[in-house]
Amino acid sequence: MTLIIFIIFLASVLSLMLFKVKSGRMAKWARLFRIVTVVSSISVFTYWFIKKSAVAFVDNSVGLQVVNKLPQALDFYLVNVNKIDKNTVLEPKHIGKIRPEYYRIEYLKMDKSDEYWIVGYLGKKNLVYFSQHSVPNKNIDQIVEVQNYINQSMKLSEAAKKQVDAYNYENTKLGIWITLDFLLLFLNLVLLLKKNK
């Protein structure tokens, strides 16, 4: 998705520059390019937001319910431990902030994995919960009740923390690019509609 967002950014910048072309044969092609850029950008972002907002149910997946029994809200991450060609690949995912006595449901694709980790943060950097879970039977859904502030493995929790930090950094970077794209998209749309008047 990062590549598509970068392409949209370049096309939007070029569209803004082509706004100055108002006469001659190039004017029609410039206007067509600007229209295609705006429509394509809106279509891509609409599809992406609908996909992100939809329930993340996955075929042949294991349902995971994380219940927060602690007196404070914690920000939870799931780290799926995938085994690919004798290598271990850690795949983090943000479950979300869970208030006391509430839960969240995630769906795990476990075709290359039989283990996952749950990581809980109090604030942005304070890791206060880490647990390791195996999935011996992939036909039975999982329920994890977080009742204590525990860290089952310092070594694994450090690896999980690095993956979560990298995941959050990538998401922040992606958020900045998306914000720039929206700003350019808005400017291009306003200029197109202004010209139509």
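Modeller: Two strands pair if DSSP finds at least two bridges between them. Helices (H or I, at least four residues) and strands (E, at least two) are DSSP runs, numbered from the N terminus. This is a predicted model, in which local features need pLDDT of at least 70 and side-chain atom pairs count only at pLDDT 80 or more, while totals for chains, interfaces and linings use all residues. Residues are numbered from 1 along each chain as its sequence is written, and side-chain values use heavy atoms, with hydrogens and water left out.

Colleague: Which pattern does the protein follow along the sequence?

Modeller: The protein has three helices and seven strands. Read from the start of the sequence, the pattern is α-α-β-β-β-β-β-β-β-α.

Colleague: What radius of gyration does the protein have?

Modeller: The radius is taken over C-alpha atoms, and the globule rule is 2.2 Å times the number of residues to the power 0.38. Along the principal axes, the C-alpha atoms fill a box of roughly 70 × 35 × 25 Å. For a compact globule of 197 residues the radius would be near 16 Å, but for this protein it is 22 Å.

Colleague: How far apart do the C-alpha centres of domain 1 and domain 2 lie?

Modeller: Domain bounds come from an automatic or database domain assignment. Domain 1 takes in 1-54 + 174-193, and domain 2 takes in 61-152. The distance between their C-alpha centres is 38 Å.

Colleague: Which residues does the UniProt annotation "transmembrane region" cover?

Modeller: UniProt positions are given in the numbering used here, feature names are shortened, and annotations may be inferred rather than shown by experiment. In the model, residues 6-21 are 81% helix and 0% strand, with end C-alpha atoms 24 Å apart. Residues 174-193 are 100% helix and 0% strand, with end C-alpha atoms 28 Å apart. According to the unreviewed entry, the annotation covers residues 6-21, 33-50 and 174-193.

Colleague: What span should helix α1 have at 1.5 Å a residue?

Modeller: The expected span of a helix is 1.5 Å times one less than its number of residues. Helix α1 (residues 2-18) has 17 residues, and its end C-alpha atoms are 24 Å apart, which agrees with the expected 24 Å.

Colleague: Why is strand β1 largely enclosed by the rest of the structure?

Modeller: Buried means under 20% relative accessible area, exposed over 50%, and partly exposed in between (1.4 Å probe, protein chains only). Strand β1 (residues 62-68) is antiparallel to strand β4 (residues 103-108) over six bridges, and G63 stands opposite Y107 in β4. With strand β7 (residues 142-146), β1 pairs in the parallel sense over five bridges, and V66 stands opposite V144 in β7. β1 is largely enclosed because, of its seven residues, the number buried is six.

Colleague: In which order do the four strands of the open sheet stand?

Modeller: The pairing in this sheet is antiparallel. Its edge strands, each pairing on one side only, are β3 (87-98) and β6 (126-134). Eight bridges join β5 (residues 113-122) to β6, and L122 has N126 in β6 as its bridge partner. The order is β3-β2-β5-β6.

Colleague: How far apart in space are K173 and G63, C-alpha to C-alpha?

Modeller: K173 is found in helix α3 (residues 154-196). Its relative accessibility is 34%, so K173 counts as partly exposed. K173 and G63 are 110 residues apart in sequence, and their C-alpha distance is 30 Å.
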